[in-house]
Amino acid sequence: MTLVKTWYRLVGLLTKLLYRLIYGRKIRWGKAVHMRHGFRATVDGDGQIVIGDDVFFNNGCALHAMREIRIGAGTIFGENVLVYDHNHRFSEPQMSFKDQGYSIDPVRIGRHCWIGSNATILKGVTIGDNCVIGAGCVIDHSIPDGSLVKLSKQNVIERIAFSTPIAEAGERTNGADAASQGAGPVRVLVLDTVMDRGGAETMTMNYLRHMDRSKVVYDVLVNRPWRGAYEDEFEALGGRVWRMCPMYPQSFARYKREFRAFLKQHPEYRIIHSNLEERSYFPLRIAAEEGIPVRIAHAHNRPRGIDPKLLFREYFRLRLRLGKYATHQFACGREAGEWLFGRARRSQVTLLHNAIDTAQYQYDPDVAAQVRQELGVEDSGTLVVGHVGRFFPQKNHTFLLDVFAAVHRMHPNSVLWLVGGGEQDDRLKHEMERKTERLGIADAVRFLGVRSDVPRLMQGMDVFVLPSLYEGLPVTMIEAQAAGLPCVISSAVPAECDVTGRVRSLALRESLDCWAQAILDQAGSNKGTSWRIEGASLVTRAGYDIVSNARRMQDFYLKALDDAEGDRDE
């Protein structure tokens, strides 16, 4: 099944590429659009097809537009669904139908609809949001929001007179589950917030890409309703994505109920790897009660300062420490481990490097020149200051813009590249965009959004800046150093992230001019191409290359499960 799904993903990507080459902007695809075998689309004349985010087409679906077919986000199509925004005219009996032309009227299908197999949707139809169209229906009139449409004929259901009695449905399902538990790879359930391009999520993806997935594969349980940037690739690599309610204080009780029910429904999970920091207390406690033998709590950050979450954070951190809910304790760095698990347990914490594929970050001057040109940096003397990080308060973008304004004042021929996104509404990002206007640096700041080509973008940067309020051991710092970039970080970022000796740390209380001068000094310390090329090898020697680390992680899972199950058998 994993191979079949991977094949479907590959075919879908190739299909979208082919249609992009043929039709260009006449077909517009949202994020995470998937189609299976036999998908077809045609656009004639000035027509267009617009498909929203997270739309799924099963085998044999077809869209044919002469004016417009528009499909809302989250809609799914069963097999062999046909959509037309035009009909042949047939008013002239003396003429053949093909010579009478067409009557044309747009088709609009709303959000979160389910269009059943073999349904046909005709011109001029508007289907509202949250509708279900039954299998085999022909839709030629508009359907209001929240409607269920089904054929009026009824099925006759009778019992089959088998010669040998069969088990009831519940018994049959349980038997199938039990039979399947011993087959295939070990499935590790990773707990995270959302599969976007953050540090913990990037770490998960790096390990999944390089483990032997015939032996170990990740599934992930997230607590955000939208699809994350990594989900397409994650599923293509054989992982499954499950969703749970958010872990807000008002929904803690609901989360606990849903998580316990989830574990009962999925007995195949014998290893849980939680990236939820102190919130791991909730799921790991329930996992312990449900008899999950391997339960990993993973520390990624070392929060500092006072914020509205402080009381909850400290309480759950204490409960996690005192309870025996985690059988294993991981940390990306020493400071993160000491914060979550305490100094007394330092010897029990396994440091798991935020390892990367260093070959992807190997500096190439030709690629650097190409990237700079693509992003409008024509002058080789232009200073490109780079930053990669989600638009969350932790990353301290407000301070970063103030610092860059000082850099730009000292060195007018400079630009700032900001790579990353935030929550769905991008509220903080929009605030930062407005701030660049107030500071008069809007023309020198590029908001590049969530990108899949971070290794390539780093080639075009001259210096990397990370003024975070707190961190664990950020993967972006390992990436930047592998790309050969000199770096400037806040003292709240652990000094252990400096694995090349090319990182300068400053306190956030230092003046903006002091920060700006440090950035200019670091950029000036770059001693040319050979200096940057060394970055990848220095990071590899420091133990952050993904190949060996992924093998170590894979072997750990298998041994930990074998030991735990062996102890239980005894």
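Student: Which residue forms a salt bridge with Glu233, and how far apart are the closest N and O atoms?

Tutor: General idea: side chains of opposite charge can pair when their charged atoms come close. In this predicted model, Glu233 pairs with Arg209, and the closest N and O atoms are 2.7 Å apart. Glu233 sits in helix α4 (residues 231–236) and Arg209 in helix α3 (residues 199–210), so this contact ties together parts that are 24 residues apart in sequence.

Student: Is Glu233 buried, exposed or partly exposed, and what is its relative accessible area?

Tutor: Glu233 is partly exposed, at 30% relative accessible area. Its partner Arg209 is partly exposed too, at 26%.

Student: Where do Glu258 and Arg254 lie, and how many residues apart are they?

Tutor: Both are in helix α5 (residues 252–265), four residues apart, which means about one helical turn separates them. Their side chains meet in a salt bridge, 2.7 Å from N to O. Glu258 is partly exposed at 26%, and Arg254 is partly exposed at 43%.

Student: What about Asp521: which residue forms a salt bridge with it?

Tutor: That is Arg504, with the closest N and O atoms 3.9 Å apart. The cut-off is 4 Å, so the pair counts. Here a helix meets a strand: Asp521 is in α15 (residues 512–525), Arg504 is in β31 (residues 503–506), and the two parts tied together are 17 residues apart in sequence. Asp521 is partly exposed at 39%, as is Arg504 at 32%.

Student: How many salt bridges does the count come to?

Tutor: The count is 29 salt bridges. Some residues are linked in a network: Asp54, Arg227, Glu231, Asp232, Glu235 and Arg243.

Student: On to cysteines. How many disulfides does the count give?

Tutor: A disulfide is a covalent bond between the sulfur atoms of two cysteines. The count here is zero. Take Cys497: the closest cysteine sulfur belongs to Cys487 and is 7.7 Å away, too far for a bond. Cys497 is buried, with a relative accessible area of 0%, whereas Cys514 is partly exposed at 26%.

Student: Let's do sheets. What is the strand order in the open sheet of five strands?

Tutor: The order is β1-β4-β7-β12-β15, with parallel pairing. β1 (27–29) and β15 (126–127) stand at the edges with a single partner strand each, so one side of each has no neighbour in the sheet. β15 pairs in the parallel sense with β12 (residues 107–109) over two bridges, and Arg108 stands opposite Thr126 there.

Student: Which residues of strand β22 are buried, and on which sides?

Tutor: In β22 (residues 271–274), Ile271 and His273 are buried on one side, and Ile272 and Ser274 are buried on the other, so both faces are covered. β22 also has parallel partners: β19 (residues 186–191) pairs with it over four bridges, with Val188 opposite Ile271. Four bridges join β22 to β23 as well, again running parallel, and Ser274 stands opposite Ala297.

Student: How does the chain cross from β22 to β23?

Tutor: The chain passes through α6, in a right-handed β-α-β crossover. Buried residues of α6 (residues 281–289) are Tyr281, Phe282, Pro283, Leu284, Ile286 and Ala287. Just after α6, Gly291 takes a positive phi of about 80 degrees.

Student: And how do β23 and β24 run?

Tutor: β23 (residues 294–299) and β24 (residues 328–331) run parallel, joined by four bridges, and the bridge partner of Ile296 in β24 is His328. β24 then pairs in the parallel sense with β25 (residues 349–351) over three bridges. The chain crosses between β24 and β25 through α8 (residues 334–341), and this β-α-β crossover is right-handed.

Student: Where is Asn118 found?

Tutor: Asn118 is in the loop between β13 (114–115) and β14 (120–121). Its phi is near 65 degrees, a positive value in a residue other than glycine. Asn396 also has a positive phi of about 65 degrees without being a glycine, and sits in the loop between β26 (383–388) and α11 (397–410). Their exposure is worth checking: Asn118 is partly exposed at 46%, whereas Asn396 is buried at 12%.

Student: Last one: which residues make the nonpolar surface patch?

Tutor: Leu14, Leu17, Leu18, Leu21 and Ile22 make a patch of about 530 Å². Leu21 lies in helix α1 (residues 2–23) and is exposed, at 69% relative accessible area.

Note on methods:
Residues numbered from 1 in each chain as written. Predicted model: local features only at pLDDT ≥ 70, side-chain atom pairs only at ≥ 80, totals over all residues. Heavy atoms only, no water. Disulfide = S-S within 2.5 Å. Buried < 20%, exposed > 50% of the residue type's maximum accessible area, 1.4 Å probe, protein only. Patch = residues over 30% accessible without salt bridge, like charges linked within 9 Å, V, L, I, M, F, W, Y side chains within 5 Å. Areas by Shrake-Rupley, 256 points an atom, 1.4 Å probe, with all protein chains shown as cover. Pairing = 2+ DSSP bridges. Right-handed = clockwise from strand over helix to strand, strands pointing away.
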